[in-house]
Amino acid sequence: MGKRAGAVVLALVALGAAGGYAFGTLRGQETVTFTDATPIVAVSPSHPVDPVEVLPDPDFPVLRPGLDVEPARVGTEPFDLSLPVPEEWAQSSPTAGEWRWYPPPGQVLNTHFLRVRLISNQHQPIAGDVDARLAALRAADEVRDFTLVSRTAHGFVAEYVNDGYRRIAMESYVAAGGSDTAFAWIALVGRESDREGMADLFDRVVAGVRAPAGS
């Protein structure tokens, strides 16, 4: 074979390797081609995801179902609200228009508490309030691993990690006088171990709320 013929053969072999057909042809195999390529779903994230560190819950008595409640009233007429709250829980008012109740001996961080805020001055439909509250929780810097467990026309149940502690939040908005505008916001926040007692207490609190007619 002359130099020119050898060069031609080498060129064809190189071209076949690049095109994916020469070795199959030389060895008597069928040519392999790839058509209709589609993206492959990633098995793992394309970038590192920081794990969420969850701290142990405080050693504090669990909230049990069947807790005794008593009537309470917040606000001033005609912008007041009556509702059942747990007996012997300590009441505080950290800001104007908001009240909180904590089990004895009072506020113990990262356990459970009841929270009520009057919001009639916002003139916001309940659906908009729920959307805004969920968006605020998802965007909060201190909130991680947010999960919406369930949602109704008036509120929701969610789980998230707040400042390192796993929290369960049950929240509902209350209208008055047959309006669809929120008058008050009620939230019960606690630990995973409190979930059963929270569900029982929250249902009774929300069912017992009485807002002034025509407010």
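A salt bridge here is a side-chain nitrogen of Lys or Arg within 4 Å of a carboxyl oxygen of Asp or Glu. By that yardstick, Arg151 and Asp131 form one, with their closest N and O atoms 2.6 Å apart. The model you are looking at is predicted, and it holds 11 salt bridges. Here is a quick tour of some of them, followed by a visit to Ala158.

**Salt bridges between elements**
- Arg151 pairs with Asp131, and because Arg151 sits in strand S6 (residues 143-151) and Asp131 in helix H3 (residues 126-139), the pair ties together parts 20 residues apart in sequence.
- Both partners are partly exposed, Arg151 at 42% relative accessibility and Asp131 at 40%.
- Arg166 forms a salt bridge with Asp145, their closest N and O atoms being 3.0 Å apart; Arg166 belongs to strand S8 (residues 165-175) and Asp145 to strand S6, so this pair ties together parts 21 residues apart in sequence.
- Arg166 is partly exposed at 23%, and Asp145 is partly exposed at 39%.

**Other charged groups**
- The side chains of Arg73 and Asp80 meet in a salt bridge at 2.6 Å, N to O.
- Arg73 is exposed, with 54% relative accessible area, whereas Asp80 is buried at 5%.
- A network of salt bridges links Glu98, Arg100, Arg115 and Arg117.

**Around Ala158**
- Ala158 lies in strand S7 (residues 155-162) and counts as buried because its relative accessibility is 0%, under the 20% cut-off.
- Leu148 is 10 residues from Ala158 in sequence, yet their C-alpha atoms are 4.5 Å apart.
- Leaving aside residues up to four places away in sequence, Ala158 touches Phe146, Thr147, Val149, Arg167, Ile168 and Ala169.

Technical notes:
Residues are numbered from 1 along each chain as its sequence is written. This is a predicted model: local features need pLDDT of at least 70, side-chain atom pairs count only at pLDDT 80 or more; totals for chains, interfaces and linings use all residues. Side-chain values use heavy atoms; hydrogens and water are left out. Helices (H or I, at least four residues) and strands (E, at least two) are DSSP runs, numbered from the N terminus. Buried means under 20% relative accessible area, exposed over 50%, partly exposed in between (1.4 Å probe, protein chains only). Contact means heavy atoms within 4.5 Å.
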